[in-house]
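Colleague: I should like to learn how the features of a model such as this one are read. May we take them one at a time?

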Amino acid sequence: MPGPVLFGIEPIPGETLMSLVTRVVVRNILPSSHVILEQVGAPHAQNPTAAIVPGLDEALLAHILRLPVGEVTDRRHAPSDVEGFVQSFGVTVRADELVFRRRRFSPAAIAASPHIRATWSHKMVPCDTVTWDYLADACRCGAVQRWRAAYHLDRCDRCCRPLARVPAETVDPSLRDGLAFLIGLIDSAEDVRHAARAQLPGALYEWDGGMVFELALALTNLTATSYITRRGHQPPDDDLLCYTQALSQTADLIRGWPHSLLPALEAAVVDRSLSRRNVRYTGIADYIPALDSEVLPPIVREEINRVLAPIATAAGTTPDDQIAMMDAVDLSGWPLGTLAEERRAGRLKTRICFRANRVFPALDRAEVVWLRDFRDNRKSAEALSSALHLPRYAVPQLADAGLLTIEKHPFVVSLFDAHQLHKRELAEFVAALQAAQVPSDAIDNPVPLHRAARAIGGGLKPWGVIFSRMLTDASVTDRIAFSMTGGSINRICISAADARALRNLNLRHTQPSVIAPRCSQRDALEILNLPAKHAHLLKRFAGADDEWLMDWGDVLRLAGDRLTLTEMAARVDMNGAKLEALLESEGCPRSDDFGWLRTPALKALSRI
């Protein structure tokens, strides 16, 4: 029986078996690790697989190294119950994803302590989670570091330069939290594994950390980075950053399991699927590679299929809360191309169903039913404002006041330039007015609302404020009482006192939160208090184009600077011809065809 070495060493927690043996060799000035390993059953120096070879004599190796046998056993990779997997420091890992011939290292970590950490031997671990160096396996001279010639573990096998001098990029800080969690699940240190496991959701809490890591690797293609791992192979250097990003992003899928899977799959379908006639939809493997193969451990395959079960359907069917694209065309009345484009753009919810091993994009049935109803009952802001006998800009003012609701569904906003509303908004608004009105004889000295509004000038009229005060509770002091004969707003009357009070409202904050890109002729005439028969003046004074559209700034500047005879007549309740004569007698004649300069005209008006 071979005797022990002269000098033993202290094992380092988390150190690989080959690292431990190599450090013993260096301490005892032996020529190579194979001098020891060949005595305990290692096959040959070119293939340093002592940690996994079945016939290795662990007791004899421990005797030679002057160590307890447990130190050797803990560093060995015992077979696992899962085919193709082995045990590594208490977790289950793929045997073909362990590196045996090469030494991977972090330059900063190897400088701090010249030993090889077990986690570095896992091909799918891209970095050291203490120094955050990306792992290297070659010296600056180009020599790949191998176990056969390993001696001083912190120096190159060929040129003997310190490996700490090897340039190494570090992992972006934004990726470190996710990586620390996932790599921590397979770390050799029990306290690190325990901290990582504390982040696991209930559905995965009883799982082996290695199986959770396998689940994460199966889902990297569902991340924003979308990386497909080639199992059994270390990610190429050109793909290392992409793989690292995807692995880090997968942490959120694991933390949110099982509820995170379907939204992630739906997002991937939005990005990658097509919705066309005669299209052949891709299989589930395009999103979760190897789901139906033996590459994934059974527990991982079964868990993913369990979470996919609610969207799995028979041929030609969809889950009850979904609707197939072609059925959505028939129900909604919108063309397939429009629905597909809006779905891919995220303006319609993408739902997915899983049948015949393929993933089919679908739509949310409730949303499509709503689309049909809105299509049948849609009213533009222009149409609704006309029905209310109000300017178009009044509709968003009323919406800001909470009296109407402009539809903000992204599908509707995308398809229509003008603001859109459901026609029930009109009916409910008119019904609210009819419910809030008072008898006609309760209004002192009634004035038609539309006439009172003509006395308001200088900017956008505050229709949101006006109707809010009309519809507020009767106990509110500034409530505007009104009567309404019939169903038209044109038949609303308010008291003369309230009409005078409206002229004093501050018009600086009447700009609605949303407004049409340009001012229409109808809105300009209402803002400027200009009769329709004088609409031709808009081209001369407000810059109206051939479509009678104007810039809001031009119209509002004109409203602030100028005053029409119509507005002044409404203010003093006087015939226009008589009023104009009185203004001339006050030394304030008409400036031009449009009317008067606002400031001097108002001063003259106050003297009449």
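Modeller: Certainly. Please keep in mind that this is a predicted model. We may begin with W132, which counts as buried at 11% relative accessibility.

Colleague: Where does W132 lie, and what is its phi?

Modeller: Most residues other than glycine have a negative phi, and most peptide bonds are trans. W132 has a positive phi of about 65° although it is not a glycine. The residue sits in the loop between α5 and α6 (173–184).

Colleague: What is the phi of I29, and is that residue buried or exposed?

Modeller: I29 also belongs to the non-glycine residues with a positive value, its phi being near 55°. Its place is the loop between α1 and α2 (34–37). I29 is exposed, with a relative accessible area of 71%.

Colleague: Which peptide bond is cis?

Modeller: The bond from W257 to P258 is cis, and its omega is near 5°. P258 is located in the loop that joins α9 (240–255) and α10 (261–272).

Colleague: How should one read the two sides of a helix?

Modeller: An α-helix has 3.6 residues a turn, so residues three or four places apart point the same way. Consider helix α26, which comprises residues 576–585: G576, L579 and L583 are buried there. Viewed down the axis of α26, these buried residues fall within an arc of 60°, so they line one face of the helix. On the other side of α26, the residues A577, K578 and S585 are exposed.

Colleague: Against which elements do the buried residues of α26 pack?

Modeller: They pack against α25 (565–572), β12 (596–597) and α27 (598–607).

Colleague: How does one look for empty space inside a model?

Modeller: Rolling a probe the size of a water molecule over the atoms shows where empty space is left. In this structure the count comes to three cavities of 30 Å³ or more. The largest cavity has a volume of about 240 Å³. It is lined by 22 residues, of which T16, H77, L98, A118 and S121 are the closest to its centre.

Colleague: What classes of residue make up the lining of the largest cavity, and which elements each supply at least two of its residues?

Modeller: The lining of the largest cavity has 13 nonpolar, seven polar and two charged residues. Both α1 (17–27) and β2 (91–94) supply at least two residues of that lining.

Colleague: Could we compare sequence separation with distance in space, beginning with S106?

Modeller: S106 and T170 are 64 residues apart along the chain, and their C-alpha atoms are separated by 9.9 Å. S106 lies in the loop between β2 and α5 (107–112) and is buried, with a relative accessible area of 0%. Apart from neighbours within four places in sequence, S106 is in contact with W120, D128, T131, D133 and L135.

Colleague: How far is R27 from G457, and what does R27 touch?

Modeller: R27 and G457 are 430 residues apart along the chain, with 97 Å between their C-alpha atoms. R27 is found in helix α1 and is partly exposed, at a relative accessible area of 41%. Not counting residues up to four places away in sequence, R27 touches F7 and I9.

Colleague: Which domains does the assignment give?

Modeller: The domain assignment gives domain 1 (17–82 + 97–165), domain 2 (389–516) and domain 3 (530–607). The centres of domain 1 and domain 2, taken over C-alpha atoms, are 81 Å apart.

Notes:
Residues numbered from 1 in each chain as written. Predicted model: local features only at pLDDT ≥ 70, side-chain atom pairs only at ≥ 80, totals over all residues. Heavy atoms only, no water. 1 Å grid on protein atoms, 1.4 Å probe; cavity = no way out; pocket = protein on both sides within 12 Å on 5 of 7 lines; lining within 4 Å. Points joined across faces, edges and corners; volume = space filled by probe spheres on them. Helix = DSSP H or I, 4+ residues; strand = E, 2+ residues; numbered from the N terminus. Nonpolar A, V, L, I, M, F, W, Y, C, P; charged D, E, K, R; others polar. Domains from an automatic or database assignment. Buried < 20%, exposed > 50% of the residue type's maximum accessible area, 1.4 Å probe, protein only. Arc of directions from axis to C-beta. Contact = heavy atoms within 4.5 Å.
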